[in-house]
Each structure stands twice: as C-alpha cells, then as structure tokens.
Amino acid sequence: MPQVSAHVSETACHLRRLVDFAEPRPEDTCLDVGCGASGVLGPWVREVTSADAGAVPEGPFTLITARLTPTPDADPVALIRRLLGVCAGRLVLADVVRTRAGDSGCVERVRDPDRTTTRTFGELADLVRQAGGETRRFDVFTIERPVEPWLAASGGSDDVRAELTAELDGGPKTGARPRLIGRELWFTQSWAYVAAEPAQRG
C-alpha cells in the first residue's frame, strides 16, 4: 500500500537524521526518552535504556535523546534539568517548532488538545539555558509527511483533515502548507534538534 510505505520511509529518514545528528559512539551508554530512537541507536552503541518523561532512571548516561511534548501538567524546564542531572556527555532534544516559514502549531493542537504550545527554536534553546544547560549544536529543518498515518498514530481526527482540506480550497491558512501528492493529503512540519550539555561551573 503506497500510504504505508510512504509513512515508513518518512519515519525511517527522520530517525536516521536524528542518529546522524546525535553522533552515537560505540562506548556510549544511552537513554532514549519518548524519542523513538532506541531501535536505530541500538546497533551503534553499547547500551540503550528506554524510558518516559515521568520516570527518568539514574545515570550516568553519555548520550540522551529526548522528545519534549508540551502538556498542561508538564514542566519542560524540570524535565530538561532532570535529564542534565543524569547526563555525563550530551543531551539531544527533538521537537516540533514554529518557524517564520510556517506554523503548524494550529494543526498540532487540533490533533492533540493537550499540546498547549509549539515553541520557536529560540524558545527551545532558552529552556535549555533555564535548566542549567548549554546549547552546543542545533539543526532546524522541515519535513513533508502524509496526513493519514500521522493521524492514525493518535486515533485520527476529522477536524485536522477538514482544516487542511479547507486550506487547499482557499480557506484559512493553518501554517502546515498542505498539498496533494497523487491522491494523498500531505503537510509540512518544522523540527529542531538541539545538542546540549550541563553548563560549566566554576
């Protein structure tokens, strides 16, 4: 089925880019928090531990990959501080961001009402600073992805489909830049990867 293969290809490419950015080393001990990188990091490192944001295990870890998911009861600064506290190397954060080229935050919120905000790269880097970390490298980029597999991962939403289709018909802009590829509805997301480490003290 073309729809499934397109989703698999897009997801694999996205994760591979994250691995290339994280630069795993054979001697690394890794923690993967809600990022989905465990499966692709495995062949490159000595050990990978998967966890969720509410249960960060004791470290130390020389490489941590984490996805920030803004929800009303989440404190991203506290989470980053906990991750830096068990970090003996580098922390790689990945999240959807807003850019001047487009803001899909509206669509993200329709898909997931618990998502209260979509940050800019600058705001993401500021969270790292507030948590006591230093940003060393970053990568901000856009990807196009098919709508249906993205919706299926969260139970689907006719509202998202309707908003994107309405934009194609000349309706209000969502910032997600939808378009039809063949007969499939696709949209654009902007992502940021941030490589950070605990701030030097003294």
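**View 1. Trp 150 is buried, and Phe 187 is buried with it.** In this predicted model, the two residues form an aromatic pair of the tilted kind. Their ring centres lie 4.5 Å apart, with 45° between the planes. If you trace the chain, you will find Trp 150 in helix 6 (residues 147-152) and Phe 187 in strand 7, 37 residues apart, so to speak a link between distant parts of the chain.

**View 2. Phe 141 meets Tyr 193 edge-to-face.** Here is one of the four aromatic pairs that the structure holds. Why is the pair of Phe 141 and Tyr 193 edge-to-face? The ring planes stand at 70°, and an angle over 60 degrees counts as edge-to-face; the centres are 5.0 Å apart. This pair, too, links distant parts of the chain: Phe 141 belongs to strand 5 (residues 133-146) and Tyr 193 to strand 7 (residues 184-198), with their positions 52 residues apart in numbering. Both Phe 141 and Tyr 193 are buried.

**View 3. Phe 21 joins Phe 141 and Tyr 193 in a cluster.** Ring pairs connect these three residues. Keep Phe 141 in sight as you move to the next view, where an arginine comes in.

**View 4. Two arginines sit over rings of the cluster.** Which ring lies beneath the charged end of Arg 17? That ring belongs to Phe 141, and the charged end is 3.8 Å from its centre. Arg 137, for its part, lies over the face of Phe 21, at 4.4 Å from the ring centre.

Notes
Residues numbered from 1 in each chain as written. Predicted model: local features only at pLDDT ≥ 70, side-chain atom pairs only at ≥ 80, totals over all residues. Heavy atoms only, no water. Phe/Tyr/Trp six-rings, centres within 6.5 Å; stacked < 30°, edge-to-face > 60°. Helix = DSSP H or I, 4+ residues; strand = E, 2+ residues; numbered from the N terminus. Buried < 20%, exposed > 50% of the residue type's maximum accessible area, 1.4 Å probe, protein only. Lys NZ or Arg CZ within 6 Å of the ring centre and 35° of its normal.
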